[in-house]
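Biologist: Before the terms are used, I should like each of them justified. Could you take me through the reasoning, step by step?

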Amino acid sequence: MSASKSNSSDKKFVYQEFGNDNSAATERPIQELPPQQQNLRIQATRTGRKGKTVTVITGFQCKPETLADLVKQLKTQCGTGGTVKEDTIEIQGEHKQKILEIVTKLGYKAKLSGG
């Protein structure tokens, strides 16, 4: 047997649209809008959380670092836990009015959603 056998990692491409496999070239950059141009929705929900009420804030168009700073501020002012999931913030408990006041003071346009 010869040592010049081709490995399965040596792929020959007949056609490749973007040259080498560079996933960073195909990613879309996150456009960070100023707070005045963002329209947030604040709602309390229990669906999928075993009966626990969670206040969900959606509509963010900013970088993950900005969301992490904002969720830290909301958690300390509400006195509860919370997390960032994708482009939404979840704060434990029902704090719709309090969060509405906080984010409007920070310059965001926000509305209460749901009942």
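Modeller: Certainly; please bear in mind that this is a predicted model. Let us begin with the aromatic rings, where the count comes to one aromatic pair.

Biologist: What makes Phe60 and Tyr108 an aromatic pair, and why is the pair called edge-to-face?

Modeller: The ring centres of Phe60 and Tyr108 are 6.1 Å apart, and rings pair if their centres lie within 6.5 Å, so the two qualify as a pair. The angle between their planes is 80°; because planes over 60 degrees apart count as edge-to-face, that name applies here.

Biologist: Why is this pair said to link distant parts of the chain?

Modeller: Phe60 lies in the loop between strand E2 (54–58) and H2, whereas Tyr108 lies in the loop between H3 and strand E5 (109–112). The two residues are 48 residues apart. Both are also buried.

Biologist: How do you know that the length of H2 agrees with its number of residues?

Modeller: H2 has 15 residues, and at 1.5 Å a residue these should span 21 Å. The C-alpha atoms at the ends of H2 are 21 Å apart, so the expected and modelled spans agree.

Biologist: Which residues of H2 are buried, and what makes them line one face of the helix?

Modeller: The buried residues of H2 are Leu67, Leu70, Val71, Leu74 and Cys78. Seen down the helix axis, they fall within an arc of 100°, and therefore they line one face. On the other side of H2, Glu65, Asp69, Lys72 and Thr76 are exposed, a word that requires over 50% relative accessible area.

Biologist: What do the buried residues of H2 pack against?

Modeller: They pack against E2, strand E3 (82–85), E4 and H3.

Biologist: What makes a set of residues a nonpolar core, and which members touch the most others here?

Modeller: The members must be buried residues of certain kinds, such as Leu, Ile and Phe, joined through side-chain atoms within 4.5 Å. The largest such core has 17 residues, of which Ile57, Phe60, Leu74, Ile89, Ile91, Ile99 and Val103 touch the most other members. Strand E1 (39–45), helix H2 (64–78), strand E4 (88–92) and helix H3 (96–105) each supply at least two residues of this core. H2 gives the most, with five residues. In soluble globular proteins, nonpolar side chains tend to be buried together.

Biologist: Which residues does Ile99 contact, leaving aside its neighbours within four places in sequence?

Modeller: Ile99 is in contact with Ile42, Thr55, Ile57, Leu74, Cys78 and Ile91.

How values were computed:
Residues are numbered from 1 along each chain as its sequence is written. This is a predicted model: local features need pLDDT of at least 70, side-chain atom pairs count only at pLDDT 80 or more; totals for chains, interfaces and linings use all residues. Side-chain values use heavy atoms; hydrogens and water are left out. Buried means under 20% relative accessible area, exposed over 50%, partly exposed in between (1.4 Å probe, protein chains only). Helices (H or I, at least four residues) and strands (E, at least two) are DSSP runs, numbered from the N terminus. Contact means heavy atoms within 4.5 Å. Rings of Phe, Tyr and Trp (its six-membered ring) pair if their centres lie within 6.5 Å; planes under 30 degrees apart count as stacked, over 60 as edge-to-face and the rest as tilted. The expected span of a helix is 1.5 Å times one less than its number of residues. The arc is that of the directions from the helix axis to the C-beta atoms.
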